[in-house]
Amino acid sequence: MIWHLLRHPLAFVFFFFFRYIRGMNLERVFKPGPALLILNHPSAFTDPIAFTYVFFPLRTRYMARGDVFKNPLAAFFFKQLGIIPIYRIQDQGKEGLLKNDTSYTQVIEALKKGQKVIVFAEGICIQDRRLKPIKKGVARLALLAQQALGKVELDIIPIGVNYTDPCRFRSGLWYHVGEPIQVDRYLQQYLQQPAKAQYELMLAMHQSLLPLVSHVDDAQQQTTLPVLEKLYANALKTPKAFWHKSRQMANALNALDLNTRERLEQTATEYSKTCLGLGILEQDVAEHPTAFWKSMFAIISLGCIAWPGLVIHVPVFWIARRMARRVKHVEFYTSALLTYVLIGGLFWYGVFWLSAAVFFNSAFIGYLFVLLFLICGISCVFCIDRLRMHWRRIIWWRMDQSVKESLLQKKSELRILSQSLN
């Protein structure tokens, strides 16, 4: 019941928050039959909720850290959403691991019904451009499930989750679905050599996920790849082209020698920090910028369309951002922000509906006001990206020539160093 109540307002919030949510080979997820969907995990609760949004009407269950079930109210809420707890040794020690037998039973029962279950195979949520090792519990769960299913084939479907920036409003999200792995191929070996079968299945899962994400081996290069992506963002018009280029650059970064990688990382960091301090993005540094009057005309024309929606919705986003910044771990920021936006938005629209209904003594007019505000919000969303882009171009146009030349020089150095990545 709770899932059905939340999916419509959440879909509306996701429409606002993300610039695009796209994917490749999505049809593989809709193949009939039970399946374990293994995903990397860069953004806490946002990952499974976004998955539900993209693959609707497919209803999936997913596994989450058992420590979030400590609160009885939270446990009831999560169970209503179809979440199955998984206990890690760092959360509750060996006693917690014993509870996983019950969790495995719940997963197997869901699979017997032909359902699909999401498993975050890395067992940890970190916003790195790097795939972590697959946990052995995932392989053990898959083999136990295949053993229980008998002749019914169980597939493991790898899905790469890629954000342009998980914490930025109007970022992009790209799903890349890989080839399914048939678990029954490992079952006979599992009956004879369980440890070896689990290891080989873990290795197969890791190798299947690796080409679906932008993976950078070196931890220091985690900041380099996003900067390089922004250098080419304007030239790559489609999400598919963008993420193909991103993976290509990530693979090339991994092949560079140590000295080149260090120089590239240092140049990218300096360039990014300078742009951030000036209030522009890395892709805004242009040799041939748009004329000042064109940007001003675009700001005025787009602003006339966007400003009613901005005025109406800014209070909700401002409060939500202040509340979300209190989270301790950056991986939970977007999840908290979306939650506060959803709750605040429902309350805000309720206030407008009640005010209009009381003032005009008509519930119908209250609904008309809500509909009008929704239209204003949607119009604002369609304009906001270009409005922000032209505003940053105005900032660039007003900079001192010496600052522009310095940024252009740093960008040129970065392009020269990154030539080997093309």
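Arg 170 counts as buried, at 9% relative accessibility (buried is under 20% relative accessible area, exposed over 50%, partly exposed in between, with a 1.4 Å probe and protein chains only). The model is predicted, so local features need pLDDT of at least 70 and side-chain atom pairs count only at pLDDT 80 or more, while totals for chains, interfaces and linings use all residues. Residues are numbered from 1 along each chain as its sequence is written, and side-chain values use heavy atoms, without hydrogens and water.

Arg 170 sits in the loop between β6 (155–163) and β7 (171–177); strands are DSSP runs of E with at least two residues, helices runs of H or I with at least four, numbered from the N terminus. Its phi is positive, about 70°, although Arg 170 is not a glycine. Most residues other than glycine have a negative phi.

Asn 361, another residue other than glycine, also has a positive phi, near 55°. It belongs to the loop between α13 (333–360) and α14 (363–398), and at 72% relative accessibility Asn 361 counts as exposed.

Helix α14 contains Leu 368, which is partly exposed at 40% relative accessible area. Leu 368 joins Phe 364, Leu 371 and Ile 375 in a nonpolar surface patch with about 410 Å² of accessible area together (areas come from the Shrake-Rupley method with a 1.4 Å probe, and for residues only the protein chains shown count as cover). Patch residues have over 30% relative accessible area and no salt bridge; nonpolar side chains (Val, Leu, Ile, Met, Phe, Trp, Tyr) are joined within 5 Å, like charges within 9 Å. A salt bridge is a side-chain nitrogen of Lys or Arg within 4 Å of a carboxyl oxygen of Asp or Glu.
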